[in-house]
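Biologist: Got a minute to go over some labels with me? I'd like to hear the reasoning behind them.

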Amino acid sequence: MYISQRASIHPEACIVQGAVIIGPSIIGSKSYIDRAVIIGYPIRASLRKVFDLTEEKKNKEVYAVFDALSQGSKIGSNVILRYGTIVYERSTIEDDVETGHYVLIRENCVVKKGARIGSYSVLDAEVIVGENTNIQSCVYIPLGVKIGNHVFIGPCAVFTNDRYPPSRRLVSTIIEDEAVIGANATIVAGIKVGKRAVIAAGAVVTKDVKPNTVVAGVPARPISTREEYEKKKKIYETRI
């Protein structure tokens, strides 16, 4: 276990032996930080500064070196960060958020109240996740993606931010409130998925999706409305 002397940890937080809290990180009340969780991990620019240190400082315990470089992260109240989750410096995790195992949240991300992030998912810097959004396991979300409130993202969905990789131009992708994205869907860079739109499993979305529209296929095309989708879901649920 390593806990920075600069960290501010609420007395009602639970920090399990083996957790690492770096820099001036903040942990709210009744938050659970599991073993092998790292909070405040330094960004690349900070890590490069290690080479500017004296040999004596380099030889110190590695987290003590990182501690001097990190700007820390903010973790709200009633947060659960499960085994293996890593939160980079300058990211904010709001109240009531939960992660699965081995979740990676890079720098300058904001995960808003009540969101869920499944095991092995990656938020790759400057990502915004809205309130009560549910991200399933193994989802990849690159830099600059903005996800609204009450969104559902199925397992292994992939977002992109570069239309001609690898290029010097990255573009933002926007998912509006209450959208549903099925398992293994691919969202191409620069796309806007409208409010309450539904992306079918395995779809490849190459164009903007209008609100309340269901799209499917490769490339994805409209096949119905959200209202029709909800009717089918209701019938499906009655068969339980």
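Modeller: Sure, let's take the labels one by one. This is a predicted model, where local features need pLDDT of at least 70, side-chain atom pairs count only at pLDDT 80 or more, and totals for chains, interfaces and linings use all residues. Residues are numbered from 1 along each chain as its sequence is written, and side-chain values use heavy atoms, with hydrogens and water left out.

Biologist: Why is Tyr 88 called buried?

Modeller: Buried means under 20% relative accessible area, exposed over 50%, partly exposed in between (1.4 Å probe, protein chains only). Tyr 88 has 13%, so buried it is.

Biologist: And what makes Val 16 partly exposed?

Modeller: Val 16 comes out at 21% relative accessibility, so it counts as partly exposed.

Biologist: What makes the pair of Tyr 41 and Tyr 88 tilted?

Modeller: Rings of Phe, Tyr and Trp (its six-membered ring) pair if their centres lie within 6.5 Å; planes under 30 degrees apart are stacked, over 60 edge-to-face, the rest tilted. Tyr 41 and Tyr 88 are at 5.0 Å centre to centre with 45° between the planes, hence tilted.

Biologist: Why is the pair of Tyr 102 and Tyr 120 called stacked, then?

Modeller: Tyr 102 and Tyr 120 show 5.4 Å centre to centre and 20° between the planes, which fits stacked.

Biologist: How do you know that Arg 106 lies over the face of Tyr 88?

Modeller: The rule wants NZ of Lys or CZ of Arg within 6 Å of the ring centre and within 35 degrees of the ring normal. Arg 106 is at 4.7 Å from the ring centre of Tyr 88 and lies over its face.
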